[in-house]
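Student: Could you take one part of this structure and walk me through it slowly? I would like to see how pieces that sit apart in the sequence come to meet.

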Amino acid sequence: MKKYIIILLSGLGMLSLVTSCKNDLNLAPISTIGTGNFFKTATQFDSFMAGIHSTFRANTESFQRLGEDRADIFGTDPGSTTAFTGEATQGLENMWNQTLSLTAAEVNNYGIPPVQAGNNFYFNIGQINNMIVQLNSTTVVVPATKSYYLGICYGMRAFYYFQLYRSWGNVPITTTPIVVNISNVNQAEAPAASVMALIKSDIDQSVAAFAGNYTFMNSKGYWSLSATLMLKADVYLWTSSHNSSLADATTALTALNTIQTNVPTLSLLPSYSSVFATTNRGNNEIIFAIHNTLNEYAMTWVQNSYVPQNNLIIAFYDSTQNRQFNSTTDNWGGLLRAPVLIKTFRRFNPLDSRRLATIQPCYTKNTTTGVYTMAGCFVDKYSGEQNAGVRSITNDFPIYRYADLLLMKATAEVYLGQSPATEINLVRARAFGANYNAATMSYPNQAIDANPREAILQERFFEFIFEGKRWYDLRSFGDSYVYEHTALTAANAYALFWPIDQSTLINDPLLVQTPGYASH
Amino acid sequence: MKQRFTYYRVWLLAMGMFLCSIAHAQNIKITGQVTASDDHSPLPGVSVIVKGTNNGTQTDASGKFSINAAKGDVLIFKFLGYSPAQVKVGNQSVVDVSIVPENKTLNEVLVLGYTTQSRATVTSAVAKLDQQVLATAPRANVADALQGTVSGLQVISQTGQPGASPLIVLRGGASIPVPGGSGPAQPLIVVDGVVRSYSDIVQEDIASVDILKDAAATAIYGSRASNGVILITLKKGKQGTGEINYKYTEGFNQNRQGYQFLDAEQYIYYGRLGGIASGRTVAAINQSAGYGLSTTPTALAEYDIQESTPANQYLLKQGWQLMNDPIVPGTQIIFKDNEKQIQNMVFRNTQSQDQYISADGGNDKGLYYASLDYYNEPGVVIGGNYKRYAGSFNGSYKVKPNVEVFSGLTFSDNQNQGDAQSDLATFYRELSLQPTFDPWLNAANTIPNPGNGGGSLDGNPLYYIQHEINSDEVDRIVANAGFNWTIIPNLTFKLSGSGYYYQEVNQQFTEAEQTIAQMQTTPQGYTTTRPASAFNDRVFTQTYDGTLNYLKSFGKNNFNLLLGAEYNDVSSLNIYTSGTNAATDNINTVNASTVFAAGSGNGSYATNFRIISTFASLNYDYDQKYLFNAVLREDGVSVLSPQTRIGYFPGMSAGWNVAKEDFFQNSGISKILSTIKPRISYGSNGNISGLQSTSSNTQYTYQGGYGSTSGYPQYNGLGAFTNTQLPDPNLQWETSTTKDAGIDLGFLHDRISLIVDYYDKVNSNLLTQYTLPATAGFSSILTNDGTYQNKGWEFTLKANLINSPNGFRLDFGANASYSKSKVLKLPYNGQPNNEVGTIQIWNPKTGGLMTVEGEQQGQTMGNVYGYKELGIFQSEAQIAAVAGNRNDEIGHVTGPNIAAGSAGHIVPGDVNWEDVNGDGIIDSRDQVYLGNIFPDWTGGYNFNAAYKGFSLYARFDFSLGNVIYNDFVARSLGQYQGTFNMIQEMTNSWSPTNTNTMIPRVTYADQVSGSGANYTRANNANAALDGENSQFYESGNYTACREITLSYTFSKALLAKTHVFKSARLFVSGDNLFYIKSFSGPDPEAPVTAGTNLINGIYQGSYPTPRTYALGVSVSL
């Protein structure tokens, strides 16, 4: 009998050994914070707000592509399918050639450039939606901060939807935090009108939340009330132009005047190039800029497409300085897939300081005759910093600045039949500096000034190259301006909008392709 | 959860009661002698065990033994190289046994996890590695020995880098192989009870390798076993006189010949011609690297090519040559051919060395085994080197008659330099360097030329090897200890604990570097970022397990019951730092750096993972005729939510030893058919390896997470957090359910044995990355919504063909596996068949569209579709006739009757694509089926001939049924990089004078608009499997000669005279000797995405396994 007991006891002993430690299976993440434990302290809210801006920053390349690359700035010069350095355009030509398609959308998944890993716009919209819900239910954030943060959230969300609205027209709307229910995860587009209604309501909510707090945070690297008002002007000018609504133009003008009244420190810097200098971040001209810093974040996308390889550029010359490029000074470290058209460079008045501050012309030199011939150009507005022999593109990327305020104001004035002279001339005077001759250069003394809309468009063209504006400007002024200035023809009006790329369409069967593009 | 435990406890309690009801018998002392059946010599060191217990002993020097056993017990006699024998104890007290040298597969002892068992009574699918495979060929990674040697396992050598692990897939893998994802988890590797990697295990230390395949066998390992279990048993000491063994192997490694490239003259010719063909200007061509005629100081320093002028004719005396410029008549080009230089620098012949010494011995109380090993293998590509020091000790001692303690320790330290760059970089880009590139800066060829700064890819690799200093060291220490306590006879309790400590220390530093262009400036430019990094990755695994084993027989009914429990904890800590801008090259560690960026480069990261388990198994046989086995395991894991974390994994199997039946033995058939054992099994097990990685992102999925914004945790200096992972509390176990039917057959007294298995394995609840729509923001979420089925056949044949009385013996062995997989279920997404990533092509049979590629329910994975090349257009007339109205939307070229596409018109030399739907448009719908990337038949075969002391062993493996997309050839011929060298096949490209070819006309950078996309159709920066030119899909069928060994074993008589040696053996072997293949590249093995275990079917240039010739000697004292 003793043996049976031994056997029984050993069996039971084995069991008790195990069951007693089952609670040991409750392990929490060590190096991240579980969903249930976040949004418990004010500093967690602060870091999440920084995260929203950090994620916003990672969308910079998409803002540039959507806002500008299809316009009349970039391209390979006639007679070549490659950049003047020989680099292949690798699909980017679909933007300026207006040959976007299902399989070559060049901005995929509502906000990701092909070949680049990253998050689309809806990722950050989801983060913002989450933040709004959490802010509205928390007690750990002081009321002033809470309302400022809500102001940012609504303002930035409106900015994202305005990007989507201008690029795709009808887009899905999400305003609640991401909760994935796999059986019901797909979402159809909302009509463009609803998107616009959301944008305007978000702007109003943002303005209300800021409650007149015009302070800037983080050297203007955070969204602010002024940014919301700039966005408001941008949006209302669009609807004013598209709906011939004088009221909307007035709303835009009022928003801009409000900024001028409440933020008297805003002004144009005397030197155009110093606006973008890495040593001059958050300057008086900046209203909101995406913040980059050496060893924190650099715009590597600039090097991926817009500036040349070191060993290719050294074959060329800079005639203005009468020197050959070399790999120490001109170490752009890039791949020039999107060169600037020579004609873009030549549109500038040589006395305009914005010309060389924006574009680097490159020449070949006949070694026997010494004659320079223009070979091509590239953008050098963001020239970054030298770091141990390597160039890092760390300039801030302006979203809104005072020159934009002035020129939007000029636009509103033109829409309302008022004179835009004051604002345009401030911009021109700064651009020409000592060369400014009011008699010939001021509005309305240039030939183009006979058509005030073209005058403003051209001024914005000179002022904002590489700030993600030109294509949107043409679109805002009206479709005819797009056909006039770009390769897109009225016959292909459908291509004013962007196609939805193949995999995005497949991943959401409720999505309908932008009309006019193939959907499979 | 609590409640489910209670049920289980009741079940176990009942089992305990059952144990109690079993009566117990009295022990008697048995003595006897063991001899060899062939020469009747007494055999020392034979282990004698009472079956099902740990009660055992060993024979002494004269083959004699003595052991306590009860009437009815079964004594098992085991000796390496001999078939084990079993004798049932009756009334006799003397048991003399003659054991048979092993030539029988059907009686081999199989290690089954927590127990061992003879194949004669095993009823599930288990394979055993033939020890012969481990005997000679030196191996940096022992897993290579599994290639083609075990049925049901597909083993693919991914790279020839020494020490690298192969890809191992059991029975088609237990997860859906989604392109771009990761492949099936590797089988669970258990080494003497410790779950670890097979890397750095010394093959000479291994006593046996057993592979558990069906769920009835693997269920005992529960949640980690759905990809199979590989059990490695290390050698133990033997009772009797002590022995010292020494083995020395020297290997001579050779690179396998790859593609041949154009020489400089051919390269200049085709490069310049291609530019013209793609509409480039002569000026643009002359700006191009390599074949251009740029006169910048940099270009002159970098490339040995110039326009011929009177001033540079002196170069002809320095080995330069002259040629006519093919694109500018009347001009000549002067150049130097440096084509072979880079190849000769990258590849080398190396020598590897393996030294192994061991000592073992023991008496009736204690046993020990100790060994030391040194292995060194420099890679045949410069830079790589695998060096390993390893040692092991294990021992046991009977502290009391019924208590045996045991402990063991193994350590290994490997220093694996790895290659300077990825295989792709070496085998595609570096070998494609312009043949006019001058790899040296000085005439004496001692100072390497760094090239133009495309990193180490575009210059002399020696420059980068000199300036980029890196090291990687992995230490593995396994310690275990425990005891066996025979509480009462036939009831044994075993408790053991083990710790497995893994540490990887990696350091990298890049000195100040220059490009050739920076060298041309005054003053010279330097890149002085001097990135330095180091990490220390520590993983500590603790395992504690206890088992209770009870053995009982009633008459002819034999029971073996096992109860067990296990606690497993894995904690990892990764500490990493990286800095830049050190002031000097002279300090290689990170402390000299001055800038430490926040983000992925600096930090530490910790995870923790736990499994707590209980299990039970029951083995029953009636007179060894009717066999039954049942297993149940319960696992609880920390990575699932409390609602779902407990899983139950049952398995059962049954078999019938027909040949043991009287009616069978009495029939005449038994003279021919000596063994016949049909068996069936059913079981399920789980898998959570997808959640088990040391990355926190997957480990804590069910809880979701907030963490540092990916890669850039700062915004304007502020800490930035985002929601990095959506919570999913519904995640569950992946489960695999396997039905297996098999038969073990023996013919002619088992001289020929055949084991056949058929399986049907359904892997359900698979962790699947469900692709989310754009609006979710997150690209995908893990769900349990996939079901994947594998079905297949496995055959293992072993035959003794000749066993002549004069001592000549010839054996043949072969195995083959066929597997076919299908997706049964995917997450619901509203699409037909829940398809993901599919496209539609024209189906000529139905005259409609069909959905292919991607994943869809009911579909086999890995099918490949592309554009069929019918031929090359020879003339404008042919184009007008065949494709006058064609619009090739892929190449953006059109026929002459319609407006030119953005890349112009189709011209002679372009490909005539098959217009499958005949609509005049070549678009994605015109793709055709071109094969499947997964092999369906794999296996191997071997011959062993022996005469007196000589033996000759040859081993082959094969793989059949897959296609490989040869991206390497397509990119090279398509001049993907624009200016890089092309392979020799370019000389067969179409031209007005070379028309009988399938290779299109030469173009510049084929993927660039204007070139017509003749070579790479799905042209994008990343190689694509589908949608390419059908010409570049090649068959992956091959058979490889893995080993031919000739060895000589000195006769015992001769050795006896030395009074020193007990045995001695000399051998010479050739390993990985050759492939018989149709694939055009050097290495036909199915291409695998590095680090993912996923067969991707895209050959981009890989590091083939080197050919090795080895010489070795092994002696024992």
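**Salt bridges in chain B, and what lies around them**

Tutor: Let's start with one pair: Asp325(B) and Arg272(B) make a salt bridge, with their closest N and O atoms 2.7 Å apart. Asp325(B) sits in the loop between β19 (321-324) and β20 (332-335) of chain B, while Arg272(B) belongs to helix α4 (residues 264-277) of chain B, so the pair ties together parts that are 53 residues apart in sequence. Before going on, please keep in mind that this is a predicted model.

Is this pair buried or exposed? Asp325(B) has 6% relative accessibility, so Asp325(B) counts as buried. Arg272(B) is buried as well, at a relative accessible area of 0%.

Now compare a second pair. Arg530(B) and Asp585(B) meet through their side chains in a salt bridge, 2.5 Å from N to O. This pair also links distant parts of the chain: Arg530(B) is in the loop between α10 and β27 of chain B, and Asp585(B) is in the loop between β28 (557-579) and β29 (603-622) of chain B, 55 residues apart. Here the cut-off helps: buried means under 20% relative accessible area. Arg530(B), at 11%, counts as buried, whereas Asp585(B), at 22%, is partly exposed.

The loop that holds Arg530(B), between α10 and β27 of chain B, has another feature to look at. Pro523(B) lies in the loop between α10 (516-520) and β27 (532-554) of chain B, and the peptide bond joining Thr522(B) to Pro523(B) is cis, with omega about -5°.

A third pair brings two strands into the picture. Arg679(B) forms a salt bridge with Asp744(B), and their closest N and O atoms are 2.9 Å apart. Arg679(B) lies in strand β32 (residues 673-687) of chain B and Asp744(B) in strand β37 (residues 734-747) of chain B, so this salt bridge ties together parts that are 65 residues apart in sequence. Both ends are buried: Arg679(B) has a relative accessible area of 4%, and Asp744(B) is at 2%.

Chain A shows salt bridges in another arrangement. Salt bridges that share partners join a set of residues into one network, including Asp352(A), Lys381(A), Arg428(A), Arg430(A) and Glu463(A). Over all chains, the structure holds 58 salt bridges.

Two members of that network, Arg428(A) and Arg430(A), are also among the buried residues of α15(A), so let's look at that helix. Helix α15 (residues 421-432) of chain A has twelve residues and reaches 16 Å from its first C-alpha to its last, close to the 16 Å expected at 1.5 Å a residue. The helix α15(A) is mostly covered, with nine of its twelve residues buried. Among the elements that cover these buried residues are β8 (397-401), α14 (402-415) and α17 of chain A. Just after α15(A) comes Gly433(A), which has a positive phi, near 55°.

What about the place where the two chains meet? There, 87 residues of chain A are in contact with 103 residues of chain B. About 8200 Å² is buried between chain A and chain B, and carbon and sulfur atoms give 64% of this area. How many salt bridges are counted between chain A and chain B? The count is zero. Polar contacts are found, though: there are 26 such residue pairs across the interface of chain A and chain B, with both residues at pLDDT 80 or more. On the side of chain A that touches chain B, the elements that give two or more residues are α1 (2-19), α2 (42-57), α5, β1 (286-290) and α20 (502-507) of chain A. Of these, α1(A) gives the most, with twelve residues. Sorted by class, that side of chain A has 39 nonpolar, 41 polar and seven charged residues.

To finish, return to the pairs in chain B. The salt bridge of Asp325(B) with Arg272(B) ties together parts 53 residues apart, the one of Arg530(B) with Asp585(B) links parts 55 residues apart, and the one of Arg679(B) with Asp744(B) ties together parts 65 residues apart.

Terms used: Residues numbered from 1 in each chain as written. Chains lettered and ligands numbered in written order. Predicted model: local features only at pLDDT ≥ 70, side-chain atom pairs only at ≥ 80, totals over all residues. Heavy atoms only, no water. Helix = DSSP H or I, 4+ residues; strand = E, 2+ residues; numbered from the N terminus. Contact = heavy atoms within 4.5 Å. Buried area = accessible area lost by both parts, 1.4 Å probe. Salt bridge = Lys/Arg side-chain N within 4 Å of Asp/Glu carboxyl O. Polar contact = N/O pair within 3.5 Å; in protein donor to acceptor, adjacent residues only side chain to side chain. Nonpolar A, V, L, I, M, F, W, Y, C, P; charged D, E, K, R; others polar. Expected span 1.5 Å × (residues − 1). Buried < 20%, exposed > 50% of the residue type's maximum accessible area, 1.4 Å probe, protein only.
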